[in-house]
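Here is a note to read with the model open beside you. Take the points one at a time, and find each residue on screen before you move on.

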Amino acid sequence: MSGFKSDFLNVLSERGFIHQCSDAEGLDQLAAKGEVVAYVGYDCTAPSLHIGNFLTMMMLYWLQQTGNKPITLMGGGTTMVGDPSGKDETRPMRTLAEIEANKASIKSVFAKVLRFGEGRTDAMMTDNAEWLLKLGYIEMLREVGRHFSVNRMLTMDSVRLRLEREQEMSFIEFNYMVCQSYDYVELARRTGCNLQMGGSDQWGNIVNGIDLGRRMGTHQLYALTTPLLTTASGAKMGKTAQGAVWLNAEQFSPWDFWQYWRNTEDADVGRFLKLFTTLPMDEIAKLAALGGAEINEAKKVLATEATALLHGRAAAEEAAETARKTFEEGALAETLPTVDVPAAEFDAGIGLLSLIVAADLAASNGEARRHVKGGAVRINDEPVADERLAVGRADLKDGVVKLSLGRKKHVLIRPAG
């Protein structure tokens, strides 16, 4: 897709965001006039969003930059139901208190990427709990449910794939697409919203919303999805040995976030620069063309620019400088992640394998042992081959012990208390 009239679709197309669009020509005309009001929904299943959500946040960013209006929809209501898309089993039911706490924790991240306010193109935030929780069951069945064909719902990927794998699907999950479709209709009525965006796994739910809008008398609605993220080697993006790549600094520090991008596969650098930075396309082309060891410079730019978008320029440059000192000078950078160990344990000597696990460099003693046997572990930059080693006061250097796994993962261990 290319050659659009609107800056919005041209930018999304050249940067690789577009997977499917329900009516590209109609949407293009609206976007060219600055009349697109688009939303993305974010359920509150965890205290932080993750890197897949960062992709749709960037779609909202470019929507706003090209003169249109973004809406972030918090799923205070839909989280109570649970989205079955891409899942083999029912999501755990969250309590109201958990959902509210997660929602409060998630909200702040959007203001780092979008500009909120009362202006025509300023972003707005709303919550589907506002209407979903007020609906009576019979009212919902009569006003909304009658427009849905169960035959058609059974063909949607979120349902069909679960059934084909003979995995149970609860009745509450089966209702999720009804709730999401109704969200679209409510937002259309309340805000003039005319576009819903999301990952490609949301296509069926979004198209159902367009159909419901037509049946319930809204203006014309549109759908736009982005490809699901995978790396060049085919792995699902956003997973590390330690778990998900979260967007909140409390769950995943700016240093870890910077390191995640720095470790990008060579073949992904150009694509990720387009998706996760705001650098001009000509600059991205130059960086993506670098070969050999020079590609590492492009990875550092990717890491710094992506981190700056989410955590601010100062945090990004601090992470870059920490990396430079640690890797290029071999210096002990004070801004490395720090793990406190009770002083009493330190005095007695703490086992190396336990220390590796405590520092989140391995998930188990067995995994830690394999790292030691493979020669990947260093204490204060010296290789360690003895898995029975006890680390204690004698190993302190400037009040800390530097524990390293491979060339890129470093943690400072500090006795405390």
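**Notes on the predicted model**

1. Start with strand S9, where the side chains alternate: Val339 and Val341 point to one face and are buried, while Thr338, Asp340 and Pro342 point to the other face and are not buried. Buried means under 20% relative accessible area, exposed means over 50%, and partly exposed lies in between, using a 1.4 Å probe and protein chains only. Helices (H or I, at least four residues) and strands (E, at least two) are DSSP runs, numbered from the N terminus.

2. A word on how to read this note. This is a predicted model, in which local features need pLDDT of at least 70 and side-chain atom pairs count only at pLDDT 80 or more, while totals for chains, interfaces and linings use all residues. Residues are numbered from 1 along each chain as its sequence is written, and side-chain values use heavy atoms, with hydrogens and water left out.

3. Which strands make up the sheet that holds S9? The order is S9-S15-S14-S11-S12, an open sheet of five strands with mixed pairing. S9 (338–342) and strand S12 (382–383) are at the edges with a single partner strand each, so one side of each has no neighbour in the sheet. Two strands pair if DSSP finds at least two bridges between them. S9 and strand S15 (residues 409–416) pair in the parallel sense over five bridges. Val341 has Pro415 as its bridge partner in S15, and Asp340 has Arg414.

4. Now look for another open sheet, with six strands in the order S1-S6-S5-S2-S3-S4 and mixed pairing. Its edges are strand S1 (20–21) and strand S4 (124–127), each with a single partner strand, so one side of each is left without a neighbour in the sheet. Inside this sheet, strand S2 (residues 37–43) and strand S3 (residues 69–75) run parallel and are joined by seven bridges. One of the residues to check is Val37, whose bridge partner in S3 is Lys69. As background, strands of a sheet pair through backbone hydrogen bonds, either parallel or antiparallel.

5. Which helices meet this sheet? Helix H3 (residues 51–65) packs on the sheet and touches S2, S3, strand S5 (195–199) and strand S6 (222–226), with a direction at about 160° to that of S2. Helix H10 (residues 176–191) lies across S2, S3, S4, S5 and S6, and runs at about 145° to S2. Contact here means heavy atoms within 4.5 Å. Axes are lines fitted to C-alpha atoms, for helices over the stretch in contact, and angles run from 0 to 180 degrees between N-to-C directions.

6. Next, two buried residues. Asn128 lies in the loop between S4 and helix H5 (129–132). At 1% relative accessibility, Asn128 counts as buried. Leaving out residues up to four places away in sequence, Asn128 touches Leu73, Met74, Gly75, Gly76, Gly77, Thr78, Leu133 and Asp183. Met140, in helix H6 (residues 137–143), also counts as buried, at 14% relative accessibility. With the same residues left out, Met140 touches Leu135, Gly145, Val178 and Tyr182.

7. How many aromatic pairs does a search of the whole structure find? There are ten. In one of them, the rings of Phe272 and Phe276 have centres 6.0 Å apart and planes at 75°, so the pair is edge-to-face. Rings of Phe, Tyr and Trp (its six-membered ring) pair if their centres lie within 6.5 Å; planes under 30 degrees apart count as stacked, over 60 as edge-to-face and the rest as tilted. Phe272 and Phe276 are both buried, and both lie in helix H13 (residues 269–276), four residues apart, about one turn of the helix. Ring pairs link these two with Phe54, Phe257, Tyr260 and Trp261 into a cluster.

8. Finally, see what H13 packs against. The axes of H13 and helix H15 (residues 295–311) come within 10 Å and cross at roughly 20°. Val269, Phe272, Leu273 and Phe276 in H13 meet Ile295, Ala298, Lys299, Leu302, Ala306 and Leu309 in H15. H13 and helix H14 (residues 281–288) pack at about 155°, with axes 9 Å apart. Here Gly270, Leu273 and Lys274 in H13 meet Met281, Ile284, Leu287 and Ala288 in H14.
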